[in-house]
Amino acid sequence: MSDHHHTNEITDLNTRFVAGILLNLGFVIVEGVSGFYYNSLALLSDAGHNLSDVASLLLALLAFKLAKIKPNYKFTYGYKKTTVLVALLNAVILFLAMGGIIRESFERLQTPAVTSGNPIVIVASIGIIINALTAWLFAKNIENDLNIRSVYLNMLADTLVSCGVVIAGLLMIYTGWYWLDAFISILIAIVILISSFNLLKSSFHLSIDAVPEGIDIKQIKEEIEKIDEVLQVHHIHVWAISTTLNAFTGHIKIHNKLEWEEIMRIKKSIRHALSHQNIHHSTIEFDTEEDSDKDENY
């Protein structure tokens with residue numbers, strides 16, 4: 001029953017990825033053509049960013065597929081780490097693209113080009129619908145996966161940006177302030193950079209096996225040392241196998257006199273404590289008071 005539910009969830013998520021890719025790719029074409037035809041940098045810059053969203057969705061879908069490949073003797077964790085690498089790559093691509101848009105926008109501010117506000121309002125209004133719909137597709141999985149959360153946040157930011165473009169278009173219609181076209185492009189880039197900074201930081205940390213966000217090693221140590229018959233916890237290591245799976249290794253010092261059943265009870269209690277920290281893959285080694293290794297990391 002559980003496997004059937006998991007299979008349905010995978011199929012459903014795969015469908016949402018495909019729907020999001022098709023929706024955004026279609027909008028990129030409309031927005032790009034409109035931007036060139038009406039000489040709107042705001043539309044072109046947003047089209048460029050939406051194209052990076054399509055690439056992000058494709059990469060996230062690829063990582064999602066690779067993460068399902070079973071481990072083997074060469075890749076003992078399978079390809080789960082690709083989910084982290086894709087999140088990092090998406091963040092880097094996004095930052096580079098926004099840097100180019102900001103540079104082009106400052107050049108355009110010096111010599112504002114005449115553009116029509118009406119098509120900007122119309123196209124950006126379509127963008128609000130497309131981006132909001134795509135964000136909704138991934139809303140229910142944002143707490144479980146860094147890649148999906150990055151897709152959701154990008155789409156949510158794009159929805160707000162499209163609202164800003166609509167406002168700029170309306171102002172151009174009624175005021176003739178054509179410099180707003182470049183100005184709104186800069187705002188778009190800044191909003192996206194700010195919203196994506198945590199993604200860049202989190203994905204970089206996970207790629208170098210830092211402790212995942214939301215996990216407190218000191219708290220883990222305290223919780224395990226509260227378990228009966230546990231004397232000390234040391235040599236603790238926590239890292240991300242993927243954007244959804246965290247791992248733990250640690251040495252647990254116990255009394256010499258404990259029976260095997262008692263050791264198994266302690267191990268079960270430790271794994272229960274780890275599950276509260278979103279750690280479901282653990283390697284636990286027991287030391288006794290007689291062991292000579294006194295080196296402690298924590």
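**Note on salt bridges, cores and confidence**

1. Glu262 counts as partly exposed, its relative accessibility being 27%. In this predicted model, Glu262 forms a salt bridge with Arg265, with 2.8 Å between the closest N and O atoms. Arg265 is likewise classed as partly exposed, at a relative accessible area of 32%. The two residues are 3 apart in helix H8 (residues 260-275), so about one helical turn separates Glu262 from Arg265.

2. A second pairing joins the side chains of Lys221 and Glu225, where the N to O distance of the salt bridge is 2.9 Å. Both residues belong to helix H7 (residues 217-225) and stand 4 residues apart, which means that about one helical turn lies between them. As for accessibility, Lys221 has a relative accessible area of 19% and is therefore buried, the cut-off being under 20%, whereas Glu225, with 27%, is partly exposed.

3. Lys226 and Glu223 also form a salt bridge, and here the closest N and O atoms are 3.5 Å apart. Lys226 is exposed, with a relative accessible area of 60%, while Glu223 is partly exposed at 35% relative accessibility. Over the whole structure, the search finds 4 salt bridges.

4. Turning to the nonpolar interior, the largest nonpolar core holds 21 residues, and those touching the most other members are Met98, Ile120, Val165, Ile188, Ala189 and Ile192. At least two residues of this core come from each of helix H3 (82-110), helix H4 (117-138), helix H5 (146-175) and helix H6 (179-207). Another core, lying apart from the largest one, contains 19 residues, including Ile217, Ile236, Leu258 and Ile263.

5. On the surface, Trp177, Trp179, Phe183, Leu187, Ile190 and Ile194 together make a nonpolar patch of about 580 Å². One of these residues, Phe183, lies in helix H6, and its relative accessibility of 36% places Phe183 in the partly exposed class. Helix H6 therefore contributes to the largest nonpolar core and also, through Phe183, to this surface patch. In soluble globular proteins, nonpolar side chains tend to be buried together.

6. Regarding confidence, the mean pLDDT of the protein chain is 81, and 90% of its residues reach 70 or more. Residues 1-8, however, have pLDDT below 50, and in the model this stretch has 1 contact beyond near neighbours in sequence. Where pLDDT is low, the predicted coordinates should not be read in detail.

Key. Residues are numbered from 1 along each chain as its sequence is written. This is a predicted model: local features need pLDDT of at least 70, side-chain atom pairs count only at pLDDT 80 or more; totals for chains, interfaces and linings use all residues. Side-chain values use heavy atoms; hydrogens and water are left out. A nonpolar core is a set of buried Ala, Val, Leu, Ile, Met, Phe, Trp, Tyr and Cys residues joined through side-chain atoms within 4.5 Å. Buried means under 20% relative accessible area, exposed over 50%, partly exposed in between (1.4 Å probe, protein chains only). Patches are made of residues with over 30% relative accessible area and no salt bridge: like charges are joined within 9 Å, nonpolar side chains (Val, Leu, Ile, Met, Phe, Trp, Tyr) within 5 Å. Accessible areas come from the Shrake-Rupley method with a 1.4 Å probe; for residues, only the protein chains shown count as cover. pLDDT is the predictor's confidence in each residue, from 0 to 100. Contact means heavy atoms within 4.5 Å.
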